[in-house]
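Student: Please take a close look with me at how the elements of this model pack and pair. I should like one connected explanation.

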Amino acid sequence: MARILLGVSGGIAAYKSLEFARLAIKAGHVVRAVQTPDSVNFVGKASFEGITGAPVLTSQFERDPAGGAFPDQQRPDHDPISHLELAANCDVYVIAPATANTIAKLAYGMADNMVTALALSCRKPIVVAPAMNNDMYLNAATRDNIETLRSRGITVLDPGTGELASKGEYGIGRLPEPSDLLTATVRAIARGEVPFAPKSLDGLKMLVTAGGTREPIDSVRFVGNRSSGKMGFAVADAAAARGAEVTVVAANVSLARNADIDYIDVSTAAELESVVRAEFVKSDALVMAAAVADFRPADPEDGKIKKAGRTGMTVELVATSDVLSGLQDLREPGQVVVGFAAEAGEALLGEARRKLESKGLDMIVANDISEPSIGFESDDNEITLLVEGCEPEHPPRGTKSEIANVIVGRIESLVRTQGDSARV
Ligand code: CTP
């Protein structure tokens, strides 16, 4: 049994919402309806009141005789603010039909009537069922508004195509059938996605490096490494999913990109270093997952080196600078810096600990590159996390995105503790 709050806006399809309420109650749910003032031109309050067995409100200023309670609840002994109380008591808020006008108001966060005010204060799953004329639905303004609602975690159902409610109209814009609307409502409750919910890394600026640098020998050849960028990209995705504002410095990565993340492409260690130094000062956390070349050809040729007349070739390499070590002079209190250590076998933990200390890191993610089933191009990984002053943590092997979630979770607690000590 769920408490379904039904918001009805002014469209001809409002009559189908009556049927939705009837079906929902028959299936064991309890329903309260609210209406926009315009919607009563299509279906009056008395119809919804009759079917739901509860008062219907059309304005935030109207006194709710039920005090915001659903039919299965006790009326409170005071008069609460109706739109807050109904939002708190419901399990899901279904806006059906949602007109183009109501959708536009929802996208802009307006609260000018009971239906829109409820959407703004509701911290429960919200389902929006658009129903309107074909041209209004296909208008770029409506399309954009629907995208905005979806990006905020609201379930916007696709309307049906066929005969529309008004005489002679045909196209896309039909309200889904009441039984389909009920199925979508029950699914939304089960998914539990709450729109506008604050995320744990909201407001955090995270810089992530990914991939492997390429150091030119000539204009076609380079000294490179096998890093694919999968781990760094997965860390960036996991942080963005928790609300962080993420910038990725991508060194030669050809993986799909996330629209919520900014990417800056680089190729060499020197390019990566200069971008990281510029971005680091704007960041709260840095995750240095890129495999940065330790050496580069001393004197790369401008054109292509020809093989004719040569029996061999020696390329002189010179050391690049260590990006992480070089950041220590830029670092501000509260910034979290995480490195990666790719090591083979026995030496793994000892070497990772040495890098943690010598590079001044808060955490290092160590992985064993002698294990062929993990690391580099593979989709799986197994890591050990070393945090200054803590015992090593060894989460179970998993996909790179599962491992990325563990890493980001650990960074989240580091950000909290670092932030607290920076404020002291
Ligand atoms: N790193 C860096 N600049 C470099 C090389 C590495 O900032 N020139 C960073 C990597 O991005 C990683 C960490 O340092 O986060 C450790 O990299 P790794 O290659 O494991 O270690 P190295 O410092 O190169 O040391 P070694 O050659 O002994 O493995």
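Tutor: An axis here is a line fitted to C-alpha atoms, for helices over the stretch in contact, and an angle runs from 0 to 180 degrees between N-to-C directions. Please keep in mind that the model is predicted.

Let us begin with two helices. Helix α1, residues 14-26, packs against helix α2, residues 45-52, with the axes 9 Å apart and at an angle of about 10 degrees. Because angles under 35 degrees count as roughly parallel, α1 is described as roughly parallel to α2. On the α1 side, the contact is made by Ala 14, Ser 17, Leu 18, Ala 21, Arg 22 and Ile 25, while α2 contributes Ser 47, Phe 48, Ile 51 and Thr 52. Sorted by character, the residues of this contact are six nonpolar, three polar and one charged.

We now turn to the sheet. Its seven strands form an open sheet in the order β12-β11-β8-β13-β16-β17-β19, and the pairing is mixed. The edges are occupied by β12 (262-266) and β19 (384-387); each has a single partner strand, so one side of each is left without a neighbour in the sheet. On average, and with direction ignored, neighbouring strands are turned by 15 degrees against each other.

Within the sheet, β16 (residues 336-343) pairs with β17 (residues 363-368) in the parallel sense, over six bridges. Phe 340, for example, has Val 365 of β17 as its bridge partner.

Finally, helix α9 (residues 230-241) packs on this sheet, where it touches β8 (205-211), β11 (245-251), β12, β13 (285-288) and β16. The direction of α9 makes about 160 degrees with that of β8.

Methods
Residues numbered from 1 in each chain as written. Predicted model: local features only at pLDDT ≥ 70, side-chain atom pairs only at ≥ 80, totals over all residues. Heavy atoms only, no water. Pairing = 2+ DSSP bridges. Helix = DSSP H or I, 4+ residues; strand = E, 2+ residues; numbered from the N terminus. Contact = heavy atoms within 4.5 Å. Parallel < 35°, antiparallel > 145°, perpendicular 65-115°, else oblique. Nonpolar A, V, L, I, M, F, W, Y, C, P; charged D, E, K, R; others polar.
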